Amino acid sequence: MAPKEESAELKAKGNKYFASHEWLNAIDSYTKAIEMYDQDPSYYCNRAQANIKLEQYGYAITDATKAIELDSGYAKAYYRRAVANTAILNSRAAVKDFKAVVRLEPSNKDAKLKLAECEKMVKRVEFLRAIEVGDPPSAFEGLDIDSMVVDPSYDGAKLGKEMTQEFIDDTISRFKNGKKLHRKYVYQIIAAVRKIVYDEPTMVEMEVHKGHQLTVCGDTHGQFFDLMELFRLNGFPTESHYYLFNGDFVDRGSWSTEIALLLYAYKWLHPKAFFLNRGNHETDDMNRVYGFEGECKAKYSERVFKLFSESFSALPLATLIGKKFFTLHGGLFSDDKISLDDVRKLNRHQQRQPGQQGLMMEMLWTDPQPMPGRGPSKRGVGLQFGPDVTKRFCEANGLEAVIRSHEVRMEGYEVEHDGHCITVFSAPKYCDSTENKGAYINIGPEHKLEFHKFDAVPHPDIKPMAYAQSSLMSMM
């Protein structure tokens with residue numbers, strides 16, 4: 001069979017994998033097709049779409065650009081590149097590509113709609129920048145929680161000055177039944193936890209004592225009913241069963257306020273036994289695009305979002321477990337000289353948002369790669385670090401491994417870099433479209449890692465990104 005014909009068969013195989021949501025296998029087939037015959041723009045364009053599904057937006061942009069180089073009139077490639085740029089909040093570049101699609105396909109109503117929405121996003125970003133002040137007043141300023149009255153008709157448990165297990169049990173029941181908390185209690189919870197986490201160090205250092213257990217969880221992304229399944233299987237948080245949630249509690253899934261409020265309630269009840277690391281989705285720019293801001297406004301109010309935003313910026317960025325496991329959302333650094341002491345010294349309160357560069361951005365955004373050294377990010381934000389980088393960091397800081405999250409893993413977790421880099425992801429069937437398992441890690445006093453996988457469970461018929469304020473994001 002001629003290379004061109006064989007490559008077409010590999011493309012068809014990739015399309016079947018894509019249709020069954022097997023994104024990695026689809027990418028593998030498209031890559032083999034390209035290796036056989038590298039002049040067909042559709043191969044790159046299809047691989048770009050599979051990369052978008054895996055949130056590998058940097059790779060998607062590269063593939064779509066190659067397709068455009070091969071065929072400058074290929075509207076679908078401009079469209080894919082626009083989607084990928086939208087995902088990494090590069091709206092100006094996306095506008096340019098959507099304009100190209102409209103120029104090439106004047107009757108494409110969908111492209112015109114996406115262009116209009118993308119232009120709105122650019123204007124909103126410019127407006128927010130224009131009104132931004134260097135040191136904004138606290139969202140808690142003038143919030144008189146004590147004077148707020150809970151209407152007698154409210155049918156939930158009452159919350160006094162301290163969090164109780166009874167209130168948490170009732171909260172779980174309410175959330176399962178589609179009910180909300182009273183706004184006074186929402187304010188109380190966020191205010192209490194913001195104070196607790198603000199006073200914690202940038203890197204929390206904890207031990208797992210005899211008779212205790214720690215569970216490390218990765219991204220939950222608003223998948224409340226899957227979090228309930230995790231707790232059902234593994235046990236609910238207690239003073240002797242510690243939990244660490246390693247960022248990305250919110251966005252994408254449509255029960256993000258429920259997860260954030262529940263995790264905060266547990267943090268208030270067990271401040272020394274329940275730990276929260278910040279993720280790249282506990283940030284304003286991501287929340288505005290990926291649904292959390294819209295969900296806060298729909299279920300509660302804009303002020304609730306602003307309170308959450310301020311509390312997110314107070315969250316620790318890392319947790320050191322037993323002096324052996326450095327746990328953070330993203331990964332390692334662009335400079336080998338960075339040490340745990342540099343993380344300890346980082347004053348996260350001087351920088352509410354991570355920005356495009358620097359230590360905080362890298363801690364929230366970077367990813368591992370199989371090749372040695374460092375490379376450009378497959379996401380288009382941050383960078384990638386190889387096994388040699390991880391080994392040097394662990395040796396220099398006396399660590400066994402780095403535990404991180406931030407990426408879907410089909411089995412819920414993956415051990416890489418000769419055992420020194422571990423990824424854990426706790427949102428099974430991510431966004432209802434990826435056929436991945438969820439996972440969590442149990443760690444006892446002996447510091448042995450026990451990996452557990454679990455499957456997604458049914459949830460009410462509300463789609464992911466239901467509260468995203470732009471239909472653009474439904475394409476992700």
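The following exercises, each with a worked solution, concern a predicted model.

Residues are numbered from 1 along each chain as its sequence is written, and side-chain values use heavy atoms, with hydrogens and water left out. In this predicted model, local features need pLDDT of at least 70 and side-chain atom pairs count only at pLDDT 80 or more, whereas totals for chains, interfaces and linings use all residues.

**Exercise 1. Describe strand 10 and the strands with which it pairs.**

Solution.
Step 1. Strands (E, at least two residues) and helices (H or I, at least four residues) are DSSP runs, numbered from the N terminus. Strand 10 covers residues 401-404.
Step 2. Ala401 and Ile403 point to one side of strand 10, while Val402 and Arg404 point the other way. All four are buried, that is, under 20% relative accessible area, where exposed is over 50% and partly exposed lies in between (1.4 Å probe, protein chains only).
Step 3. Two strands pair if DSSP finds at least two bridges between them. Strand 6 (residues 325-328) pairs with strand 10 in the parallel sense over three bridges, and Phe326 has Val402 as its bridge partner in strand 10.
Step 4. Strand 12 (residues 421-424) is also parallel to strand 10, with three bridges; in strand 12, Thr423 is the bridge partner of Arg404.

**Exercise 2. Characterise the hairpin of strand 11 and strand 12.**

Solution.
Step 1. Strand 11 (residues 413-416) runs antiparallel to strand 12, and four bridges join them.
Step 2. Glu416 stands opposite Cys421 in strand 12.
Step 3. Four residues lie between the strands of this hairpin, and His417 takes a positive phi near 50°.

**Exercise 3. Determine the strand order and edges of the open sheet of five strands.**

Solution.
Step 1. The order is 4-3-2-13-14, and the pairing is mixed.
Step 2. Strand 4 (274-276) and strand 14 (449-454) are the edge strands, each pairing on one side only.
Step 3. From one strand to the next, the twist averages 20°, with axes taken as lines fitted to C-alpha atoms (for helices over the stretch in contact) and angles running from 0 to 180 degrees between N-to-C directions.
Step 4. Within the sheet order, strand 2 (residues 213-217) and strand 13 are antiparallel over four bridges, and Val216 stands opposite Ile441 in strand 13.

**Exercise 4. Locate Asp248 and Asp432, and state the phi and the burial of each residue.**

Solution.
Step 1. Most residues other than glycine have a negative phi.
Step 2. Asp248 has a positive phi near 55° and is found in the loop between strand 3 (241-245) and helix 11 (256-269). Asp248 counts as buried because its relative accessibility is 2%.
Step 3. Asp432 has a positive phi near 60° and is found in the loop between strand 12 and strand 13 (438-443). Asp432 counts as partly exposed because its relative accessibility is 34%.

**Exercise 5. Give the secondary structure content of the TPR repeat listed by UniProt.**

Solution.
Step 1. An unreviewed UniProt entry lists residues 75-108 as "repeat: TPR". UniProt positions are given in the numbering used here, feature names are shortened, and annotations may be inferred rather than shown by experiment.
Step 2. Residues 75-108 are 79% helix and 0% strand, and their end C-alpha atoms lie 10 Å apart.
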